[in-house]
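Work through the following exercises with the sequence and the model side by side, and try each task before reading its solution.

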Amino acid sequence: MTELGIGIGWRPEIAEAVEGLSGLDWVEVVAENICADHLPDSLTRLRRRGVTVVPHGVSLGLGGADRPDPARLAALGEKAVALGAPLVTEHIAFVRAGGALTASPALEAGHLLPVPRTRDALDVLCENVRIAQDALPVPLALENIAALISWPGEEMTEGRFLAELVERTGVRLLIDVANLHTNHVNRGEDPARALSELPVEAIAYVHVAGGVERDGVWHDTHAHPVPRPVLDVLADLASRVSPPGVLLERDDDFPPAEELAEELAVIRATVAGASVAGASVGRSAAAEKSAGRPLLIGAGARVSGGPMPGAVADAPPAVPEAVAPVPVRGGGARQPSGTPSVEGARQRLGLAQASLLSALVAGTPVPEGFDSRRIGVQSRALAAKRAGVVAKVAPELPGILGREFRPAFLAYARSRPMSGGYRRDALDFAEHLLLAGRPEDPAAHRLLTRWWQDRSGSRPPGPATRLLRAARHALVRR
């Protein structure tokens, strides 16, 4: 396992501050925000100083029902090679649904959404992970995500789900302790239980981030200082295993460089303090064992190698996958890639995810078993994120529309699910306004028309095109 140390998420807004941080061991960069053949100068300078750079993907959607997109995998691999990265990371999430698999409109979430912790979802995820591992030039690690909503009928805890994923694929884990805290507040899940169940020896590194609680819901904003409860979860993890790396994430409302340095110092001290405490517990346990007393390992005991919790130490070797299914701890069997069992799981998972995502972004009825209030919270959060990202990728739009931009975009998002990337979303939003004769101010209308024409390479759509698009949007909402 590569020893990374203490790092920070590199973002263009804080590039200069990151370069000025003393004692920085490594950085992580959002893979979709860079080009392999044209790396930002700041990252190039950091690499020359010996700072490790790890690409962190957000768009693969390995938890989705479809197989990973070969083009996305190739692009992620190219960036890993260009950065000389020791590994790449992604998320245990789905980000899109619908399409050919379900014979329904293709929808994009623009956000990481949770997969159900079921056998179907695990079978699909494992096959997708193996496809990704075969395509990538470096090891892969996957991150647990924060969630506002829970799937009905889940069959496993988060820790158990992650443990089986690791056992069946050998994938590394990126454990986000802020996400464990988020799921504690939002879904009543115990972070300590998750840590006790997952194979901590598979951890590649750890994320730490801030958030805020509003109306009983914790929002993982990455725009606030790291709170004490998140640091407590970090301490618990570090008392169990020495994490190869710990990284501070910040994506908005960036503080001065001095505050970033202070947060990194607190994180470093938290890990060091927990490691000392954990080592003390480990020495005490070893002394009891050597004295012939019963060995009682508590929640603070450190783990360093050995079988995963509940594993059989002397299990027979697995049968090659081409010959027979490989036994899986905890019941069930790993099916060879592409078996009818996995194909059926893909179909069932695809229908469930398309139904949920349609409710979130297209206003269709909430699927049975979900909390309607939480679905509403998540839906509004997705629309707000879309507005924020569109404002960043197309800053001219807020400039042209002024205070009208945000309410106009949120009204548009309620009936226009995203089917492509954010740049396409910005063009579709501008077209939507122009078709409605907005903005009413003639000067702003001319500016928006010119902006749309320059980027779309088209004239404003005629009546036939408008009718076709209206029919398409109506179909999405059915």
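A residue counts as buried when its relative accessible area is under 20%, and as exposed when that value is over 50%. The model used here is a predicted one. The chain has 478 residues, of which 49% are buried, and its secondary structure comes to 16 helices and 14 strands.

**Exercise 1. Find which residues of helix 13 are buried, and decide how they are arranged around the helix axis.**

Step one is to go through helix 13, which spans residues 405–415, and pick out the buried residues, namely Phe405, Ala408, Phe409, Tyr412, Ala413 and Ser415. Step two is to look down the axis of helix 13, where these buried residues fall within an arc of 165°, and so they line one face of the helix. Step three is to turn to the face directed away from this buried side, where the exposed residues Pro407 and Arg414 are found.

**Exercise 2. Do the same for helix 2, then state what covers its buried residues and what follows the helix.**

In helix 2, made of residues 41–48, the buried residues are Ser42, Leu43 and Leu46. Because they cover an arc of only 95° around the axis, they sit on the same side of helix 2. Asp41 and Arg48, on the other side of helix 2, are exposed. The cover over the buried residues includes strand 1 (5–10), helix 1 (15–20), strand 2 (26–30), strand 3 (52–56) and helix 3 (70–83). After helix 2 comes Gly50, which has a positive phi, near 90°.

**Exercise 3. Describe how helix 4 and helix 5 pack against each other.**

Begin with the geometry: the axes of helix 4 and helix 5 (residues 158–169) are 10 Å apart, and the packing angle is about 40°. Angles under 35 degrees would count as roughly parallel and those from 65 to 115 as roughly perpendicular, and helix 4 and helix 5 are therefore oblique to each other. The crossing in which helix 4 passes helix 5 is right-handed. Finally, list the residues that make the contact: helix 4 contributes Arg119, Leu122, Asp123, Leu125, Cys126, Val129, Arg130 and Gln133, while helix 5 contributes Phe161, Glu164, Leu165, Arg168 and Thr169.

**Exercise 4. Describe in the same way how helix 6 and helix 8 cross.**

The axes of helix 6 (residues 177–187) and helix 8 (residues 228–240) cross at roughly 120° and come within 8 Å. This angle makes helix 6 oblique to helix 8. Helix 6, too, passes its partner, helix 8, in a right-handed crossing. On the side of helix 6 the contact involves Val177, Ala178, Leu180 and His181, and on the side of helix 8 it involves Pro229, Val230, Val233, Leu234 and Leu237.

**Exercise 5. Locate Arg117, decide whether it is buried or exposed, and find its partners.**

Arg117 is placed in the loop between strand 6 (104–113) and helix 4 (119–135). Its relative accessibility is 6%, and Arg117 therefore counts as buried. The side chain of Arg117 is joined to that of Glu189 by a polar contact of 2.9 Å. If neighbours within four places in sequence are left aside, the contacts of Arg117 include Glu154, Glu155, Met156, Thr157, Glu158 and Phe161, and also Asn183, Arg187 and Glu189.

**Exercise 6. Examine Leu198, a second buried loop residue, in the same manner.**

Leu198 lies in the loop between helix 7 (191–197) and strand 9 (203–208). With a relative accessible area of 2%, Leu198 is buried. Once neighbours within four places in sequence are set aside, Leu198 is in contact with Gly159, Leu162, Ala163, Leu173, Ile175 and Ile203.

**Exercise 7. Compare the backbone and the surroundings of His222 and Asp253.**

Both residues have a positive phi without being glycine, with a value near 60° for His222 and about 45° for Asp253. His222 is in the loop between strand 11 (217–219) and helix 8, whereas Asp253 is in the loop between strand 12 (245–248) and helix 9 (257–290). With a relative accessible area of 10%, His222 is buried, while Asp253, at 52%, counts as exposed.

Technical notes:
Residues numbered from 1 in each chain as written. Predicted model: local features only at pLDDT ≥ 70, side-chain atom pairs only at ≥ 80, totals over all residues. Heavy atoms only, no water. Buried < 20%, exposed > 50% of the residue type's maximum accessible area, 1.4 Å probe, protein only. Helix = DSSP H or I, 4+ residues; strand = E, 2+ residues; numbered from the N terminus. Arc of directions from axis to C-beta. Polar contact = N/O pair within 3.5 Å; in protein donor to acceptor, adjacent residues only side chain to side chain. Contact = heavy atoms within 4.5 Å. Axes fitted to C-alpha atoms, helices over the stretch in contact; angles between N-to-C directions. Parallel < 35°, antiparallel > 145°, perpendicular 65-115°, else oblique. Left-handed = near helix turned anticlockwise from the far one by under 90°.
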